[in-house]
Amino acid sequence: MSAAPLQAFSAFGIELEYMLVDKTRLDVQPIADIVLAQMGDDEAPELIDCSNELVLHVLEMKNPCPGPLAELGAAFQFQVQQLNTRLASFNACLMPTAMHPWMDPALETALWPHDEEAIYSTYNNLFDCNRHPWANVQSMHVNLPFADDAQFEKLFAAVRLLLPILPAIAASSPLAEGKVTGYMDYRMQVYPDQSPTQPSIVGAVVPDVVKSRAEHENCVLAPMYAEIAPLDPTHRLRYEWLNSRGAIPRFDRNAIEIRVMDTQECPQADLALAALVIDLAQLLYEGEFASLQAQQALSTETLSSILAACSRDAERTLIDDAQYLSVLGYPAKNCTAQTLWQHLGDTLQARGARHLGLWQTHLRLIQLHGPLARRILRALAGCDSVHAVYASLVESLAKGNAFIPPR
């Protein structure tokens with residue numbers, strides 16, 4: 001007998017992706033299969049599993065059994081330390097952030113060649129995975145459960161509203177191919193280019209409103225499967241995980257998976273952002289600022305425009321859509337993303353948010369020093385060495401410390 005679906009906000013699933021790099025040069029190291037093959041079950045902490053991703057220089061950590069957030073930061077950090085110990089024999093280590101700063105995916109990409117190789121080969125044949133949108137995009141996924149269509153509708157509406165402003169606090173990818181890109185969240189800038197000839201797979205990144213499983217299957221999955229059918233005659237990709245929008249319903253496990261947040265400098269930072277987003281999503285879910293109908297009235301075009309702006313300018317983005325600000329409870333017609341997040345944090349604190357202790361200090365750090373991308377650029381301005389900056393980030397991950405360069 002299968003377990004009953006989890007109720008909304010009763011438990012959470014977190015996935016963190018990290019790069020494998022040479023400890024000295026910090027170049028990507030395609031050794032994920034070797035590392036996973038050598039890992040024994042006795043080395044993994046009870047809460048966290050490790051698995052492969054599309055490319056061989058990335059490992060994913062996750063809590064396979066959804067649960068409370070409080071213990072996950074320490075559990076993820078322990079797994080980081082365990083993996084770094086094992087990687088030391090290869091003169092390798094884990095690197096945080098959402099994009100490797102100088103990787104050339106056309107030359108350095110190596111796809112996973114083992115158990116699910118047929119799926120990855122199909123992806124590569126259709127989309128060319130030797131590109132940044134596939135080979136160099138590390139993120140945190142936050143999985144929020146729902147029990148039925150009624151909970152799904154409210155939760156999906158809340159998540160959809162939050163996606164545009166997540167890069168303002170979570171951007172960590174300002175560099176690519178050795179250069180400053182002009183985007184705080186370059187991962188989200190290249191993200192829509194995953195499947196340029198099959199636009200239904202990514203859509204506008206921000207998903208359209210859907211209110212039930214049936215509507216999702218008819219309006220999202222069916223057009224996507226029809227578009228891909230001539231290129232995938234064996235139906236290897238005909239699953240709901242083909243949907244690559246910024247938030248995707250996973251009815252196979254009754255959860256909504258948020259994919260917009262870049263990986264941070266250490267697990268405690270990631271968990272702080274996850275906790276903040278979960279608390280805010282719950283406030284919206286409960287209709288604190290606006291009705292469900294008012295939330296769903298925001299157009300996908302409007303939300304996608306705000307997401308693009310926040311991907312470029314992060315906390316300095318000017319948001320001047322009064323309707324959007326209103327449904328988030330902000331009283332004025334315009335403000336910066338930084339001001340909006342300060343207001344949202346203050347509101348959550350006043351409401352006695354459930355996870356306040358997990359995110360309050362880190363949100364204050366972001367308000368003072370900027371999101372990680374801003375701190376990376378400030379560190380780079382101070383030493384003019386990309387290698388030195390990312391070596392410091394590797395150390396932050398290894399030690400579980402926040403990355404705060406001198407002003």
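Begin by selecting tyrosine 123, which is buried in this predicted model, its relative accessible area being 8%. Extend the selection along helix 4, residues 117-127, and you will reach phenylalanine 127, which lies in that helix together with tyrosine 123, four residues apart, or about one turn of the helix. Phenylalanine 127 counts as buried as well, at 5% relative accessibility.

Now add tryptophan 134 and look at its ring beside that of phenylalanine 127: the two ring centres are 5.5 Å apart and the planes stand at 10°, so this pair is stacked, the limit for that class being under 30 degrees. Both partners, phenylalanine 127 and tryptophan 134, are buried.

Keep these rings displayed and turn to the count of aromatic pairs, which comes to eleven. One of them joins tyrosine 123 to phenylalanine 127, with ring centres 5.7 Å apart and planes at 45°, so that this pair is classed as tilted. To see the wider grouping, add Tyr239 and Trp241, which form one aromatic cluster with Tyr123, Phe127 and Trp134.

For another kind of contact with a ring, select lysine 154 and tyrosine 285. Lysine 154 lies over the face of tyrosine 285, at 4.3 Å from the ring centre.

The next stop concerns charged side chains, among which the structure holds 18 salt bridges. Select arginine 25 and show its side chain with those of aspartate 22 and aspartate 27, since arginine 25 takes part in a salt bridge with each: the N to O distance is 3.5 Å to aspartate 22, and 3.1 Å to aspartate 27. How do these residues stand with respect to exposure, buried or partly exposed? Aspartate 22 counts as buried, at 5% relative accessibility, whereas arginine 25 is partly exposed, with a relative accessible area of 45%, and aspartate 27 is partly exposed too, with a value of 24%.

Move on to glutamate 257 and arginine 259, which form a salt bridge whose closest N and O atoms are 2.8 Å apart. Here glutamate 257 is buried, with a relative accessible area of 2%, and arginine 259 is likewise buried, at 13%. Because buried means under 20% relative accessible area, the values of 2% for glutamate 257 and 13% for arginine 259 place these two residues in that class. With the pair still selected, add Glu15, Glu240, Arg250, Asp252 and Arg253, and you will have the network of salt bridges in which these residues are linked with Glu257 and Arg259.

The last stop is an enclosed space. How many cavities of 30 Å³ or more does the structure hold? There is one, and the volume of the largest cavity is about 30 Å³. To display its lining, select Ala168, Ile169, Glu315, Gln338, Trp341, Ile366 and Gln367. Colouring by secondary structure then helps, as the elements that give two or more residues to this lining are helix 7 (167-170), helix 14 (337-350) and helix 15 (356-369). Colouring by residue class instead will divide the lining into four nonpolar residues, two polar and one charged.

Note on methods: Residues numbered from 1 in each chain as written. Predicted model: local features only at pLDDT ≥ 70, side-chain atom pairs only at ≥ 80, totals over all residues. Heavy atoms only, no water. 1 Å grid on protein atoms, 1.4 Å probe; cavity = no way out; pocket = protein on both sides within 12 Å on 5 of 7 lines; lining within 4 Å. Points joined across faces, edges and corners; volume = space filled by probe spheres on them. Nonpolar A, V, L, I, M, F, W, Y, C, P; charged D, E, K, R; others polar. Phe/Tyr/Trp six-rings, centres within 6.5 Å; stacked < 30°, edge-to-face > 60°. Buried < 20%, exposed > 50% of the residue type's maximum accessible area, 1.4 Å probe, protein only. Lys NZ or Arg CZ within 6 Å of the ring centre and 35° of its normal. Salt bridge = Lys/Arg side-chain N within 4 Å of Asp/Glu carboxyl O.
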